[in-house]
Amino acid sequence: MGKGGGCVPSKKRQPPAAAGVAPSSSSAAAAAAAPREAPEEELASAAGRTLRLYILFYSMYGHVEALARRAAAGAGAVEGVEAVLRRVPETLPPEVLEKMQAPPKDPAVPVMASAAELEEADGVLFGFPTRYGAMAAQMKAFFDSTGSLWEEQRLAGKPAGFFVSTGTQGGGQETTAWTAITQLVHHGMLFVPIGYTFGSDMFKMDEIRGGSPYGAGVFAGDGSRQSSETELALAEHQGKYMASIVKKLAHHA
């Protein structure tokens with residue numbers, strides 16, 4: 001769930017991960033000296049093998065993780081695509097998490113040990129709660145660790161999308177994803193929104209529902225509210241939709 005900017009601290013669950021080094025002015029010069037071609041050859045070589053859609057998330061109380069799991073289910077339903085669940089490293093010490101009543105992370109979902117693992121991905125969905133209309137510090141810390149990938153543009157051309165959690169309506173369902181696009185731009189990644197591909201459920205006004213054309217979302221409230229079936233279905237749709245985009249890029253490059 002989100003904190004600030006329309007978010008209220010919650011009392012539900014989940015997760016973290018660890019990473020590397022943010023780009024510096026010297027590494028910027030190195031990147032400028034070594035331009036990278038569009039990854040047609042990489043995409044073409046993906047044909048005929050199982051494609052990997054990474055679903056990388058941060059979840060303190062479990063709301064984002066619930067969306068991540070449903071997104072993985074959707075992606076896994078697309079033939080030839082494997083969904084890979086990973087969480088980013090936690091940046092808060094255990095004693096702080098205990099005071100915040102954050103539950104233990106599920107060890108079945110590994111922490112991404114190194115940002116370099118993203119090179120193995122054919123596409124990525126990033127999930128995170130909001131903090132004043134932007135991504136949580138844990139996810140930002142992970143992006144800051146991708147400097148070596150940025151320097152050589154190792155992620156350029158990979159499709160990516162977002163799903164989010166906020167505490168209130170108007171608390172960042174769109175801005176949290178929108179402000180995160182800058183991370184993709186610097187890496188040369190391709191932002192893939194879901195638009196209105198979810199169909200009529202995107203227009204329902206008879207229930208509270210997170211999510212937007214930018215991606216799936218959940219309203220966590222004070223943490224006691226759990227994802228509705230519509231919110232989870234939207235996350236599953238996003239996973240399936242992104243997997244189909246990954247497949248198209250790989251097989252029609």
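Both faces of strand β5 are covered in this predicted model. On one side, P159, G161, F163 and S165 are buried. On the other side, A160, F162, V164 and T166 are buried as well. In a regular strand, side chains alternate between the two faces of the sheet. The strand spans residues 159-166, and 8 of its 8 residues are buried.

Three strands pair with β5, each considered here in turn. Strand β3, residues 123-131, runs parallel to β5. The two are joined over 6 bridges. Within this pairing, P129 has S165 of β5 as its bridge partner. S165 is also one of the buried residues of β5.

Strand β7 covers residues 217-219. It is parallel to β5, and 3 bridges link the two. Here V164 is partnered by G217 of β7. Strand β6, residues 190-191, is likewise parallel to β5. The link between β6 and β5 consists of 2 bridges. In this pair, A160 stands opposite F191 of β6.

The loop ahead of β5 was also examined. K158 lies in this loop, between α6 (147-151) and β5. The relative accessible area of K158 is 11%. The cut-off for a buried residue is under 20%, so K158 counts as buried. Its neighbours within four places in sequence were set aside when contacts were listed. The remaining contacts of K158 are L118, E119, A121, M189 and L190. Of these contacts, L190 belongs to the residue range of β6, the strand joined to β5 by 2 bridges.

Key
Residues are numbered from 1 along each chain as its sequence is written. This is a predicted model: local features need pLDDT of at least 70, side-chain atom pairs count only at pLDDT 80 or more; totals for chains, interfaces and linings use all residues. Side-chain values use heavy atoms; hydrogens and water are left out. Buried means under 20% relative accessible area, exposed over 50%, partly exposed in between (1.4 Å probe, protein chains only). Helices (H or I, at least four residues) and strands (E, at least two) are DSSP runs, numbered from the N terminus. Two strands pair if DSSP finds at least two bridges between them. Contact means heavy atoms within 4.5 Å.
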